[in-house]
Structures are given as C-alpha cells and as structure tokens.
Amino acid sequence: MTSRVAVGIAGTGSYAPERVLTNHYFEKLVDTSDEWIVQRTGIKERRFAAPEQATSDLCVIAAQRALEAAKLDANDLDLIILGTLTPDFLLPASSCLIQHALGAKRAGAFDVGAACTGFLTALHTGEAFIAAGRAKHVLVIGAECLSRFLDMTDRSSCILFGDGAGAAVLAPLSECKRGEILRTSLGADGSSFDVIHMVAGGSRNPPSAGSVERGEHFIRLRGREVFRFAVHKMAELIEHMAEGHDQSEISLVVPHQVNQRIIESAVDRLGWSMDKVFVNIEQYGNTSAATVPMAFDEAVRSGRIEQGKLVIFCAFGAGLTWGGTLLRW
Ligand SMILES: CC(C)(COP(=O)(O)OP(=O)(O)OC[C@H]1O[C@@H](n2cnc3c(N)ncnc32)[C@H](O)[C@@H]1OP(=O)(O)O)[C@@H](O)C(=O)NCCC(=O)NCCS
C-alpha cells in the first residue's frame with residue numbers, strides 16, 4: 001500500500017457576474033421590502049448572470065484566476081470537478097465544457113450533484129485523488145446560475161439567491177506548501193429530499209408543457225424547516241472540524257452563505273465570536289455551491305487568513321447534504 005500524499009491548495013479564484021440586483025428590484029416584483037430582506041437574511045444585493053452567460057462561463061473565469069494564483073497552466077491539470085445544481089445542460093457535464101474552454105487537454109472531468117455542499121464534495125473528491133496518488137493537479141469548482149431557476153413571483157425564495165463561481169487548484173503539499181487539507185467530512189439524509197427541491201425536469205417528472213406551466217422547474221424550499229436544520233448542522237460541523245484544536249488556533253471559519261441570522265445563531269450556539277467568521281452574503285446572496293469558494297477566495301485575496309493557522313469550511317443544502325473541511329493555511 002502506498003502512503004497518503006498530503007494535499008494543499010495551490011491557488012484560488014472567483015467570479016461574480018457584473019449585473020447587480022439590489023433588494024429594491026424585488027420590491028417591484030413581489031410583496032417584500034429592502035428592510036425585510038436585510039433584517040431576515042442579511043442580503044442587500046446579489047449578482048445575476050447576463051443572458052448569454054451560463055454556469056460554465058462563470059467557472060472558466062474563476063478557474064483561470066485560480067490557475068494564475070497557483071502559477072499553473074491548464075495543461076498541468078489531471079482532473080476537473082465541478083459542484084453545481086445548475087449545469088449548462090443536463091447532458092453533458094459542464095465540467096467538460098470547462099475542460100474544453102480552458103484547453104486542459106490532459107484532464108478528466110465530471111460534475112458532482114450535492115447542491116450547496118457541491119464545492120466541498122468536489123474538494124474532498126479531488127483531495128482523495130491526489131492523496132491516493134491518482135492525480136497531481138485537480139481543479140475544483142463550485143458555481144451556479146440560480147437566477148435561471150427562480151420563481152420571480154415567490155417572495156420566499158426569489159430574494160435569496162444569486163449567481164457566481166469559485167475555484168481552487170489542489171496540488172501535493174510538497175509542491176504548493178500551503179492550505180493542507182487536514183480533515184474532511186460529508187453527510188447526507190435523503191429522507192428530507194423534498195425540503196429544497198426542483199420537482200420536474202428529471203427522469204421522475206420529465207419536463208413537459210404542464211410542468212413548466214405549474215412552475216415545477218423552479219427551486220422550491222420550506223425555509224423555516226431549513227432554518228432549524230441549518231443552525232444545528234452548522235454549529236455541529238464547526239465543532240466537529242475544530243475538535244482537538246484550541247479556538248485560538250483557528251484563523252477563520254468560512255461558512256455557507258445561507259442567511260446572516262443562521263450563521264450568527266450557529267456561532268452564538270458555539271459561544272464563538274463573529275470576528276472569526278467570514279460573511280459576504282450582503283453582496284452576493286446565497287450562490288449555493290459557489291458561496292464557500294467565493295468567500296474563501298475573497299478572504300485569501302484580502303489577507304484575512306493568518307499564515308500557519310487553521311481554516312474551517314462548512315456547508316449544507318438540498319439532499320439534504322452537508323460537509324466540513326479543516327485546513328492549515
Ligand atoms: C426563507 C427565510 C429567509 C424566511 O425567514 P423567516 O424568518 O424564517 O420567515 P418565515 O418563513 O417564518 O416567514 C415569516 C413571514 O414573512 C413572510 N415572508 C416570506 N418571505 C418574505 C419576503 N421576501 N418579504 C416579506 N415577507 C416575507 C412569510 O410569508 C411569513 O408571513 P406569515 O407569518 O404571514 O406567514 C429563512 O427561513 C431562511 O433563510 N431559510 C433558509 C433558506 C434556504 O432554504 N436556503 C437554501 C438552502 S441552503
């Protein structure tokens with residue numbers, strides 16, 4: 001048996017589409033207000049992709065930025081893994097379109113479907129490939145064009161989401177010298193599959209004129225139920241990732257940007273300070289699989305992470321799925 005290769009993060013990148021939609025935009029569409037949205041979610045604005053942009057287009061820009069930060073070429077990549085719930089097409093995988101656009105001629109490519117846990121699922125899969133000696137450089141991405149699947153007449157969901165992409169290039173720690181992935185965890189509970197759900201468009205309810213008329217291709221959620229689950233799960237994930245470490249060793253927690261109140265309640269439950277938690281939901285809303293890598297890239301580029309200290313990622317979402325990561329920067 002070969003020994004495990006330690007894996008690090010060689011570079012990160014992100015991209016948010018240019019079009020900014022403030023809460024006032026939604027005041028014209030549904031019975032809501034800027035005040036309600038800010039108070040209940042922390043969101044002030046979000047980005048929507050341009051009509052000609054799809055998920056893979058956002059990914060390519062984020063990936064190019066991550067490759068540049070890693071000082072690697074697309075041809076160095078062995079594998080591309082994309083976490084998304086809004087691929088360009090049901091068939092083929094969007095990671096193949098990214099592979100082609102980047103010119104990553106040597107890379108295999110596949111998508112993972114784990115909703116808001118998509119990036120962490122891609123990250124942990126990429127880490128496992130390198131750790132097992134099956135790949136050297138893996139590009140992992142979390143990205144969404146959620147704006148295409150929002151019911152703009154449903155005030156309880158349309159105000160929550162935005163579009164964006166975040167990427168990281170993984171490499172052996174001996175090469176990149178930072179971002180060692182120390183601990184990973186993934187979980188699922190399919191008994192609650194319909195709490196956050198797109199009813200039609202797949203093999204159980206193929207798309208039809210009727211399904212479109214009934215709005216079954218839109219994202220539906222039971223927000224209050226998600227809220228309760230999310231506070232508990234976020235606190236549990238952070239606690240699990242931090243196990244065996246003193247709080248002073250932790251530089252930053254980068255949580256799924258689901259709702260400011262969910263994040264604050266979870267952190268409060270742990271008795272931690274919000275100073276250790278990175279939040280940018282105000283600007284981008286919930287971009288599902290993209291929230292953690294977008295926030296992490298922003299934290300890295302703005303120098304928020306102390307060298308040699310620990311970083312925790314945590315995410316959860318439809319499935320239900322959840323995941324946590326502990327790394328040393
Ligand atoms: C959706 C969410 C913001 C709602 O906040 P909340 O404090 O739980 O609010 P509630 O659902 O209890 O609704 C309170 C009232 O506000 C109303 N409301 C919902 N959306 C509203 C909006 N955009 N503007 C104004 N009022 C709104 C509800 O209809 C309800 O009215 P009622 O009491 O007359 O029925 C919150 O539950 C949440 O963020 N949940 C998780 C979201 C999620 O699932 N994300 C994706 C998974 S990662």
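Trp322 is buried, with a relative accessible area of 15%, where buried means under 20% relative accessible area, exposed over 50% and partly exposed in between, for a 1.4 Å probe and protein chains only. The model in which this residue is found is predicted, so local features need pLDDT of at least 70 and side-chain atom pairs count only at pLDDT 80 or more, while totals for chains, interfaces and linings use all residues. Residues are numbered from 1 along each chain as its sequence is written, and side-chain values use heavy atoms, with hydrogens and water left out.

Trp322 is a useful place to begin with the aromatic residues. A search of the whole structure finds six aromatic pairs, a pair being two rings of Phe, Tyr or Trp (its six-membered ring) whose centres lie within 6.5 Å, with planes under 30 degrees apart counted as stacked, over 60 as edge-to-face and the rest as tilted. The rings of Phe229 and Trp322 have centres 6.0 Å apart and planes at 55 degrees, and the pair is therefore tilted. Because Phe229 lies in helix H9 (residues 223-242) and Trp322 in strand S13 (residues 321-328), this pair ties together parts that are 93 residues apart in sequence; helices (H or I, at least four residues) and strands (E, at least two) are DSSP runs, numbered from the N terminus. Phe229 is buried as well, with a relative accessible area of 18%.

In the pair of Phe296 and Phe313, the ring centres are 4.9 Å apart and the planes stand at 75 degrees, so the pair is edge-to-face. Phe296 belongs to helix H12 (residues 291-301) and Phe313 to strand S12 (residues 310-317), so the pair ties together parts that are 17 residues apart in sequence. Both Phe296 and Phe313 are buried. Elsewhere, Tyr25, Phe26 and Phe48 form one aromatic cluster.

The ring of Trp322 also has a charged partner, since the charged end of Lys233 sits over this ring, 3.9 Å from its centre; a charge sits over a ring if NZ of Lys or CZ of Arg is within 6 Å of the ring centre and within 35 degrees of the ring normal.

Helix H9, which holds Phe229, packs with helix H10 (residues 260-270) at an angle of about 50 degrees, with their axes 8 Å apart. Axes here are lines fitted to C-alpha atoms, for helices over the stretch in contact, and angles run from 0 to 180 degrees between N-to-C directions. H9 and H10 are therefore oblique to each other, given that angles under 35 degrees count as roughly parallel, over 145 as roughly antiparallel, 65 to 115 as roughly perpendicular and the rest as oblique. The crossing of H9 and H10 is right-handed, meaning that the near helix is turned clockwise from the far one by less than a right angle, whereas an anticlockwise turn would be left-handed. Among the residues of H9 that meet H10 are Phe227, Ala230 and Met234, and those on the H10 side include Ile262, Ile263 and Leu270.

A second packing involves helix H3 (residues 55-70) and H4, again at an angle of about 50 degrees, with axes 9 Å apart. That angle makes H3 oblique to H4, and H3 passes H4 in a right-handed crossing. On the H3 side the meeting residues include Cys59, Val60 and Ala63, and on the H4 side they include Leu97, Ile98 and Ala101.

Some loops carry backbone features to look for. The peptide bond from Leu91 to Pro92 is cis, with omega near 0 degrees, and Pro92 is found in the loop between strand S4 (79-83) and helix H4 (94-102). A cis peptide bond also joins Gly319 and Leu320, with omega about -10 degrees, and Leu320 has its place in the loop between S12 and S13. Lys177, in the loop between helix H7 (173-176) and strand S8 (180-188), has a positive phi near 65 degrees although this residue is other than glycine, and at 64% relative accessibility Lys177 counts as exposed. Ser288, in the loop between helix H11 (281-284) and H12, likewise has a positive phi, near 50 degrees, but at 1% relative accessibility Ser288 counts as buried.

Finally, Gly142 lies in strand S6 (residues 138-145) and, at 0% relative accessibility, counts as buried. Leaving aside neighbours within four places in sequence, Gly142 is in contact with residues including Gly83, Phe119, Ala165 and Pro293, contact meaning heavy atoms within 4.5 Å.
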